[in-house]
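Visitor: I am new to reading protein structures, and I would like to learn how to go from a picture to a careful description. Could we take the features one by one?

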Amino acid sequence: MSAREAAGGTLRWTGRAYLLVGLGTVLATAAVLERSAVPLFVALPLLLAPFAAASFGPGRPMTADLSWSAGGLGAELVVAGELRGPMGGHGADLLIEPSPPPGSVVTSPLRLARSRDVVRFTVGWRLPEPTIATVRAPHARWQDPLGLTEREVSGSRPPLQVERYPAELRRVGSIRLDRTIALPWDTPSHRVGPSGEFHGIRSAAPDEPWGRINWRATARSGRLLANDFQVELTGDLLVVLDVRPSSGDRALDARLLGFARAGVYGIVDALFHSKVRIGYAAFGEFVEALPLSTGRGHRVRVLRAIETSQLSAVAGPAERCAFSLRRFYRPGITTLVVSSWTGDPSQEVVPYLRRQGFPPLLISPSPLPMLEGTGALDAEEELLARRLELVERRVRLSDTWRYAPVVDWNDYWSLEGLARFLRRPTRRRVS
Amino acid sequence: MSASFAEGRRGGNKLTFTVAAVALGLFGLVGGLPDLLGPAIGIGGLAVAAWARRRGPLGTEYGALPALVGLLVLATTAPTVASAELFGGLSALAVLLWVADDPARPAGGGRRAALPLASCGLAVGIAWSVALVLPHPSQEVGLAGGLLASVLLVLAYFLVREAERRASSSASA
């Protein structure tokens, strides 16, 4: 989306100009009352300066187009960009005020490199947790060197989309999901390639990897033979994001949902690259679902749906989620539930999903690192309280283990537990 | 801390501070306050202002207030003599020069503000030199000349604004 400000900014006085003119007026009045010329001599530059500053500024509205991008890894977000346009040599007095993403901390202050018609800027922030956010374009204005008059700089100001999620999720796409449900309208692919279902044997190429050589067939025939595989979907995945408010503290719920959304975004983005067929459902008061599919168009639809998922006003009953999903999806699909539900344990969606035939895997973002002490306890008691909260959470999650594997997501910048589980789904307990 | 403040330098240019301090000190010496009270008020106000304008965005915007108040005190207590008039005008210009050298802004603010400051200085120069040269009954002519220069500058400003308004309205049409 490109936002263009409709009109260039008009010239306006700053607070400092009003200060000078006010003081100049007081001095002029004092000169008249005292019948002394000295205050008038002092007042003269103060009264004139705002007009002089405006006269030597840019004589028409300024326009400059913004192009910018986000860099950095993990929690570090480095934004670099440039404002380019005819500035008439006034680029040195251009002020840029970036809008930081919510909750972020400045790690690298704004740095500007100015030339005649181009101003380049760089600023760094540290994000508190995984985030999908739209960073608003920086505010740009010209201000004269005395700081008495200013003018908005208009032009193209595209917002910047920032996605930050745990780094392990980038590797999730290489994990092969076993469970593929044949849908009535599915047409199996007959393309062959290096991975997928076994298709047949062929002569090995000179640079064939050793791992693909079929040694038994090679021994029988006396020449190098390699395996061929049918390239097809590697599995189905239904991702369910729980957007119900749970704890009573709506701000905390919104924060938890914010980084849960970022995690889901990362998982889905990675799995789409490995041809996994993905369905997405958000459960608030009701279920909003996108069907199982793959491809670029579906990827955009799903990612857009994840970005726009918001905390619902009312929490729907957990069984409604499971029953509704049956209307959209066939049972048996691997179901990844991302839920930070901390309310009534009987409202956990996982047992209901299991009963309706969806094998679930729960990722539970932990609210504990976000909770701060009330200050009523001393350090030792605070530590004890935290341990008790942790124990209570572990007990609650252990109940859920009866129905599904659980990934306790308490280090917000790591989902190693999920990646480990997906690599060895039956052997490892996830912590 | 605003981003534009973070962009700036930690301190201002010491040269502009010195120029403003010397001008205010001289204005205080020729003023009507006893002994060193005048220079103390002038330089003290400037020092407080220099401290205040490093205190974040609000200080950057209004930090010059203590220096201007010091200037006001010195101006209202000064006797009507040519030297006080000269140093009064110069002090105001020097304070403006120091204001232009804002630590929250890129270096060289004083240099970039040379043209606006020169036009203000011209008005003060005309007023003072005419007041000095002409005999006592005609000193008002000097002030009138300074005020005339000021009015011309204001007029030029409004003419520029009008031309700009016409250009933007024709562009939008």
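Guide: Let us start with strands: two strands count as paired if DSSP finds at least two bridges between them. Please keep in mind throughout that this is a predicted model.

Visitor: How many bridges join β16(A) to β17(A), and in which sense do the two strands run?

Guide: The general idea is that strands of a sheet pair through backbone hydrogen bonds, either parallel or antiparallel. Here, strand β16 (residues 277-283) of chain A and strand β17 (residues 287-293) of chain A run antiparallel and are joined by 5 bridges. To find one of these pairings in the picture, look for A:Tyr280, whose bridge partner in β17(A) is A:Leu290. The connection between β16(A) and β17(A) is a hairpin of 3 residues.

Visitor: What is the order of the strands in the open sheet of 4 strands in chain A?

Guide: The order is β3-β4-β7-β6 in chain A, and the pairing is antiparallel. At the edges stand β3 (65-71) and β6 of chain A, each of which pairs on one side only, and from one strand to the next the twist averages 15°. If you follow the edge strand β6(A), you will see that it pairs in the antiparallel sense with strand β7 (residues 118-126) of chain A over 7 bridges, and that A:Val106 has A:Trp125 as its bridge partner in β7(A). As a general point for reading such strands, in a regular strand the side chains alternate between the two faces of the sheet.

Visitor: How should I read two helices that pack together, such as α2(B) and α6(B), and at what angle do their axes cross?

Guide: One compares the directions of the axes, and angles over 145 degrees count as roughly antiparallel. Helix α2 (residues 14-30) of chain B and helix α6 (residues 82-100) of chain B have axes that come within 8 Å and cross at roughly 155°, and therefore α2(B) and α6(B) are roughly antiparallel to each other. Their crossing is left-handed. Among the residues that meet are B:Phe17, B:Leu24 and B:Phe27 in α2(B), with B:Phe87, B:Leu90 and B:Trp98 among those in α6(B). By class, this contact has 15 nonpolar, 4 polar and no charged residues.

Visitor: Which way do α1(A) and α5(B) run relative to each other, roughly parallel or roughly antiparallel?

Guide: The axes of α1(A) and helix α5 (residues 65-77) of chain B come within 11 Å and cross at roughly 10°, which makes α1(A) roughly parallel to α5(B). Residues that make this contact include A:Leu19, A:Leu23 and A:Glu34 of α1(A), together with B:Leu65, B:Leu72 and B:Thr76 of α5(B). The contact of α1(A) with α5(B) divides into 9 nonpolar, 1 polar and 1 charged residues.

Visitor: How many residues does each chain give to the contact between the chains?

Guide: Chain A gives 45 residues and chain B gives 50 residues. On the side of chain A, the elements giving two or more residues are α1 (15-34), α2 (38-55), β5 (94-97) and β6 (105-114), and the largest share, 16 residues, comes from α2(A). That side of chain A divides into 34 nonpolar, 6 polar and 5 charged residues.

Visitor: And what can be said of chain A as a whole?

Guide: Chain A has 10 helices and 20 strands, and buried residues make up 39% of its 431 residues. Among contacts in chain A between residues at least 6 apart in sequence, 73% join residues at least 24 apart.

Notes
Residues numbered from 1 in each chain as written. Chains lettered and ligands numbered in written order. Predicted model: local features only at pLDDT ≥ 70, side-chain atom pairs only at ≥ 80, totals over all residues. Contact = placed C-beta atoms within 7 Å. Nonpolar A, V, L, I, M, F, W, Y, C, P; charged D, E, K, R; others polar. Axes fitted to C-alpha atoms, helices over the stretch in contact; angles between N-to-C directions. Parallel < 35°, antiparallel > 145°, perpendicular 65-115°, else oblique. Left-handed = near helix turned anticlockwise from the far one by under 90°. Buried ≥ 20, exposed ≤ 12 C-beta atoms within 10 Å, placed from the backbone.
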